[in-house]
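Colleague: Before I rely on the labels in your description, I would like to go through them one at a time and hear the reasoning behind each.

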Amino acid sequence: MSGEDSYDLAATSQFVFENLLFKWMKPILEEHKDRNVVLVGGCALNVLYNQNLSEYVFDKALSRKLYVPPNPNDCGLSLGFFLSHCPELRGKDFVYEGIELLDKDDLQSHVEKRNAKKVTTKEIVDIIKRGEIVGLVYGDSEIGPRALGNRSIICDPSFENMKDILNKKVKFREWYRPFAPVSLIQDANTYFHRVFESNYMSFAPKVKKEYHEQLRSITHVDETSRLQTVSINGHKVFTDILNELKDRNEIPVILNT
């Protein structure tokens, strides 16, 4: 299946999914208006539904919050079982405590073979502003289904067809897979509508119309974008890159996958 048929199937599936879940959720939300909401399970990875539900919850009760954990699907089960036996660790952020780089013992040989050198944040920004793609590997890997900065591929979303270039030459994946913009939490409302804190790419606000052209590679056909918001306490490398872009009077948004 390809072309319009595949687009129609994807859109119809999303429409039915959202309508069914809203049908089930709304009576519960109305009955328990004083309760916060936590979404778990694989369905909680549907960022469009999360965004629409968050807007509904926010509109109906300003004091109510909706939370989506970083790994709500099956990959979070083992962590959940672990925490059930170690209650003293509940509340700890395990997102960046996955396995270390498996072949780091070979790193020096790759450095010598490729005549590699260390680069600064400014040099990383120089590279992406030339329209090139950068792979980031920092610390331990992320736990969960998202690349959140420690194992990420980044580039400048203002370049035309950057999404297609990544799909065809780097990711080798389906056309419908989303790409995520990364923005500082304090700047996100400048470029996106109705932003909810989204450290784990859990929501999909719309890109503001005045930035559609400049952020074309992370603006989906429905104007949404799977946003990751960051702060200095969340991911220092991303924060430094975005602040460097701000210092250059560039749009401080990068594409992350």
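Modeller: Let us begin with the second largest pocket, which has a volume of about 790 Å³. Of the 18 residues that line this pocket, the closest to its centre are Leu107, Ala116, Lys117, Gly135 and Val137. The elements giving two or more residues to the lining are α4 (107-114), α5 (121-129) and β3 (134-137). Please keep in mind throughout that this is a predicted model.

Colleague: How do the residues of that pocket's lining divide by class?

Modeller: Eleven residues of the lining of the second largest pocket are nonpolar, three are polar and four are charged. Among the residues closest to the centre, Leu107, Ala116 and Val137 count as nonpolar, Lys117 as charged and Gly135 as polar, because the classes place Leu, Ala and Val in the nonpolar group, Lys in the charged one and Gly among the others.

Colleague: What makes the other enclosed space a cavity rather than a pocket?

Modeller: A cavity is a set of points where a 1.4 Å probe fits but cannot get out, whereas a pocket is an open set. By this rule the count comes to one cavity of 30 Å³ or more, and the largest cavity has a volume of about 30 Å³. Its lining includes Ala44, Leu45, Val68, Arg146 and Tyr200, and by class that lining has eight nonpolar, one polar and one charged residues.

Colleague: Why is asparagine 256 called buried?

Modeller: Buried means under 20% relative accessible area, and asparagine 256 has a value of 0%, so the label applies. This residue lies in strand β7 (residues 253-256), and its C-alpha atom is separated by 6.6 Å from that of valine 182, although the two are 74 residues apart along the chain.

Colleague: Why does glutamate 210 count as exposed?

Modeller: The label requires over 50%, and the relative accessibility of glutamate 210 is 53%, so this residue counts as exposed. Glutamate 210 is placed in the loop between α7 (188-191) and β6 (228-230). From glutamate 18 it is 192 residues away in sequence and 28 Å away in space, C-alpha to C-alpha.

Colleague: Why, then, is valine 16 called partly exposed?

Modeller: Partly exposed covers values between the 20% and 50% limits, and valine 16, with a relative accessible area of 41%, therefore falls into that class. Its place is in helix α1 (residues 3-31).

Colleague: What makes valine 16 eligible for a surface patch?

Modeller: Patch residues need over 30% relative accessible area, and the 41% of valine 16 therefore satisfies that condition. Together with Phe15, Leu20 and Trp24, Val16 makes a nonpolar surface patch of about 430 Å².

Notes. Residues numbered from 1 in each chain as written. Predicted model: local features only at pLDDT ≥ 70, side-chain atom pairs only at ≥ 80, totals over all residues. Heavy atoms only, no water. Patch = residues over 30% accessible without salt bridge, like charges linked within 9 Å, V, L, I, M, F, W, Y side chains within 5 Å. Areas by Shrake-Rupley, 256 points an atom, 1.4 Å probe, with all protein chains shown as cover. Salt bridge = Lys/Arg side-chain N within 4 Å of Asp/Glu carboxyl O. Helix = DSSP H or I, 4+ residues; strand = E, 2+ residues; numbered from the N terminus. Buried < 20%, exposed > 50% of the residue type's maximum accessible area, 1.4 Å probe, protein only. 1 Å grid on protein atoms, 1.4 Å probe; cavity = no way out; pocket = protein on both sides within 12 Å on 5 of 7 lines; lining within 4 Å. Points joined across faces, edges and corners; volume = space filled by probe spheres on them.
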